[in-house]
Amino acid sequence: MEGNLFSLIVSILSRPEVWMYTLFGTVGGILVGCIPGLTAAMGVAVLLPFTFHLEPLVGLAMLSGIYVGGTYGGSISAILLRIPGTPAAAFTTLDGYPMATRGEAGRAIGIATTSSFIGGLISIIFLIITSDIIVKFTLKFGPAEYFAIAIWGLCSVATVTGRKLVFGLISVVMGIFLGTIGMDPMTGALRFTFGLVNLQSGIEFVPIMIGLFGISEVLKEVGNTEIFHKIEQKIGKILPSKEDIKSIWRTWIRGAAIGIGVGVLPGNTGAGMSGLIAYNTEKSVSKHPEKFGTGTPEGIAAAETANNASVGGALVPLLTLGIPGDAITALLIGAFMMHNIRPGALLFQQNPGLIYGIFVALILAHFFFLFLGLWASGLFAKVLNIPRHILMALVVMFCTLGAYAISNSLFNIVIMVVFGVVGYLMERIDMPITPMLIGFILGPMAEGNLRVALKMYEGNIFEIITRPYSLVFYLLAAAIIIFPKIRGMRRNK
Amino acid sequence: MQIGQTNRKFPWVDLVVILCCWVLASYILFSVKSFVRLTAVVEVVGADTVPRLIAYVLIILGLWLLISSIFLGKNSTTEFEVGKDNFKKAMLLLFLLGYSAVVPIIKFIPGTLLLGVFSLKLLGEQSWKTTFLVSISATLAMYFVFHSLLKVSLP
């Protein structure tokens, strides 16, 4: 088995296109991540159509690069402009920018890069080890358990993202409804097609995603009169010194543990939450908490280690259970669906080459961004000088072409526009869009498994709900909804 | 113009959301009547079961929002600012819809070039030279990537 695994990894590594597309993805991810306003989710949404015409392994390798690079890239603008490129890098600004204004921008980027590398790599090792264990366990699951898992995933995403719980739930239910549009796979009934032939095969995932994450962002940008920031500071020496490494190695371990822990929970608010928890933890255990916010290496290291460690954590439920935890993993599951692949335990058994290919690409992406961050961050800083409206116009063109190219259908552009407006309006009223996307993905999974389970148990819903593993997931789902309410009521008292 | 504020004005936005939920629920419940039903032996859960469930949940969520937001006034009122440059936003959306209708006639390169020029101007680019340079290079780059590298058949 070990010999087989070794030869599998060697065969993946011997393919130049895996290296090349992972590098493209990482560079693209860093570029998108470092530009404020272009999030890693938007990067994946815009660049995902490029991967459709590639072989699944190569396409997913590129997306892994975008995910990893995008999560790291936010730190560059956080340090140089005090504007986090992605929400994940929000806590990097607190110490990164003060360090940069002292003339140590290179040192700050060096610490951020090495910390992101360490955190991310630890999380990928965690992913490889735990996914193997979880998969052995989940192979025992049947449709009833998978239905319960989908319900748990839907509840957790709805409750954690957004200001009002009810808005999150409405968003999820709307997503599930969208998933029902088209021909019912079991009975052939046409559901909610409004008489349109184009809707008979359902709505495609990519135009919805591009509309929600790409066009809605552009609409926000129209009429934005924000002052354009130009980078004028010199970056200087980037490689972190031995003293810096000595002072932050414990932070790396704590940050990685927090990042993985937060990332692994479906419904986590992404890398941003892990950065916040890690930063506050580091401040509370530090002998000099007063130095936080003035440009301390521990502050940068905590935020960056944790936000990149959440990448591996978030991939655990995605790859083993097929449950996306946040916007980016929802987009990644869409990429799997585009290639007719359903992540989960069976994929590990049926297509280990693809799974190990993703692991290899994730590790490669970390080495790529380490190299690029330490030796080419000056180039990425130059991208920040490109005016935002030009980038947004390019996003419009990429989005339009991407929506079309997925199935050579101009109708997809109409879908993209509709969901661009929907996403824009939802954001304006503070209704989260991620639950809608996850509802759209998990809804059909829940429906399909419920129907198969009911057939298996001859319509006995009680038996489906009370199966031991299912019950655990229903209790978790209930706890996720009830506990925050109880906590809120206690706080109000 | 503001339709709501945080200091508990009437929650118009919540009311609109409630109405949307109920309208959608009514539409679902009306539509499922026409779905084909197979015999119970073949089909324990019909094509209408999950949509019905969605409709009932939407009705309940609408009620929840109605009670918590309008009757009890528990949540802070949802803000909704109409925002600036809505004409430009509408123009951009209309142009995108127009692009999908016109591009099969005028073909990919001229259509995408126009899309680039229009988007750049709407998003605030002043210089015509930059507008054309960026649009032409982006169009050609996309043509190369999609047509030559990814073998996508373009209109």
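Here is a walk through a predicted model with two chains, A and B.

Let us begin with the overall build of chain A. Its secondary structure comes to 19 helices and 2 strands. The radius of gyration of chain A is 22 Å, close to the 23 Å that the globule rule gives for 493 residues, so chain A is as compact as a globular protein of that length. If you drew a box around the C-alpha atoms along the principal axes, it would be roughly 70 × 60 × 45 Å. Buried residues make up 63% of the 493 residues in this chain. The contacts tell you about the fold as well: among those in chain A between residues at least 6 apart in sequence, 79% join residues at least 24 apart.

Now turn to chain B. Here you will find 5 helices and 0 strands, and reading along the sequence gives the pattern α-α-α-α-α. Of the 155 residues in chain B, 39% are buried. Among its contacts between residues at least 6 apart in sequence, 61% join residues at least 24 apart. Chain B is divided into two domains, with domain 1 covering 12–71 and domain 2 covering 86–149. How far apart do the C-alpha centres of these two domains of chain B lie? They are separated by 40 Å. While you are in chain B, look for B:Lys121 and B:Trp128: the charged end of the lysine sits over the ring of the tryptophan, 4.1 Å from the ring's centre.

Back in chain A, helix H16 is a good place to practise some simple arithmetic. This helix runs over residues 411–428, which makes 18 residues. At 1.5 Å a residue it should span 26 Å, and its end C-alpha atoms are indeed 26 Å apart, so the expected and computed spans agree. Next, ask which residues of H16 in chain A are buried. Among them are A:Phe411, A:Ile413, A:Met416, A:Phe419, A:Gly420, A:Tyr424 and A:Met426. What do the buried residues of this helix pack against? In chain A their partners are helices H7 (165–180), H8 (205–221), H15 (388–405) and H17 (434–456), and they also pack against helix H3 (86–106) of chain B.

Follow chain A just past the end of H16 and you reach A:Asp430, which takes a positive phi of about 65°. A:Met431 lies in the loop between H16 and H17 of chain A. Is this methionine, A:Met431, buried or exposed? With a relative accessible area of 8%, A:Met431 is under the 20% limit and therefore counts as buried. Not counting residues up to four places away in sequence, A:Met431 touches A:Phe167, A:Ile170, A:Ser171 and A:Met426, as well as B:Val17 from the other chain. One of these partners shows how folding brings together distant stretches of sequence: A:Met431 and A:Ile170 are 261 residues apart in sequence, yet their C-alpha atoms are 8.6 Å apart in space.

Our next stop is the aromatic rings. A pair of such rings is described by the distance of the centres and the angle of the planes. Over all chains, a search of the whole structure finds 22 aromatic pairs. In one of them, the rings of A:Tyr72 and A:Phe369 have centres 4.6 Å apart and planes at 15°, so the pair is stacked. This pair links distant parts of the chain, as A:Tyr72 belongs to helix H4 (residues 56–81) and A:Phe369 to helix H14 (residues 352–383), 297 residues apart. A:Tyr72 is buried at 1% relative accessibility, and A:Phe369 is buried at 0%.

Compare that with A:Phe141 and A:Tyr146, whose ring centres are 6.1 Å apart and whose planes are at 75°, so this pair is edge-to-face. A:Phe141 is buried at 8% relative accessibility, and A:Tyr146 is buried at 15%. Both belong to one aromatic cluster, which also includes A:Phe137, A:Trp152, A:Tyr469 and A:Phe473.

Finally, return to the stacked pair by way of A:Asn308, a residue of helix H11 (residues 297–321) in chain A. A:Asn308 counts as buried, with 0% relative accessibility. Leaving aside neighbours within four places in sequence, A:Asn308 is in contact with both A:Tyr72 and A:Phe369. Its other contacts include A:Val68, A:Thr71, A:Ser116, A:Gly119 and A:Ser123.

Note on methods: Residues numbered from 1 in each chain as written. Predicted model: local features only at pLDDT ≥ 70, side-chain atom pairs only at ≥ 80, totals over all residues. Heavy atoms only, no water. Domains from an automatic or database assignment. Helix = DSSP H or I, 4+ residues; strand = E, 2+ residues; numbered from the N terminus. Expected span 1.5 Å × (residues − 1). Buried < 20%, exposed > 50% of the residue type's maximum accessible area, 1.4 Å probe, protein only. Contact = heavy atoms within 4.5 Å. Phe/Tyr/Trp six-rings, centres within 6.5 Å; stacked < 30°, edge-to-face > 60°. Lys NZ or Arg CZ within 6 Å of the ring centre and 35° of its normal. Rg over C-alpha atoms; globule rule 2.2 N^0.38 Å.
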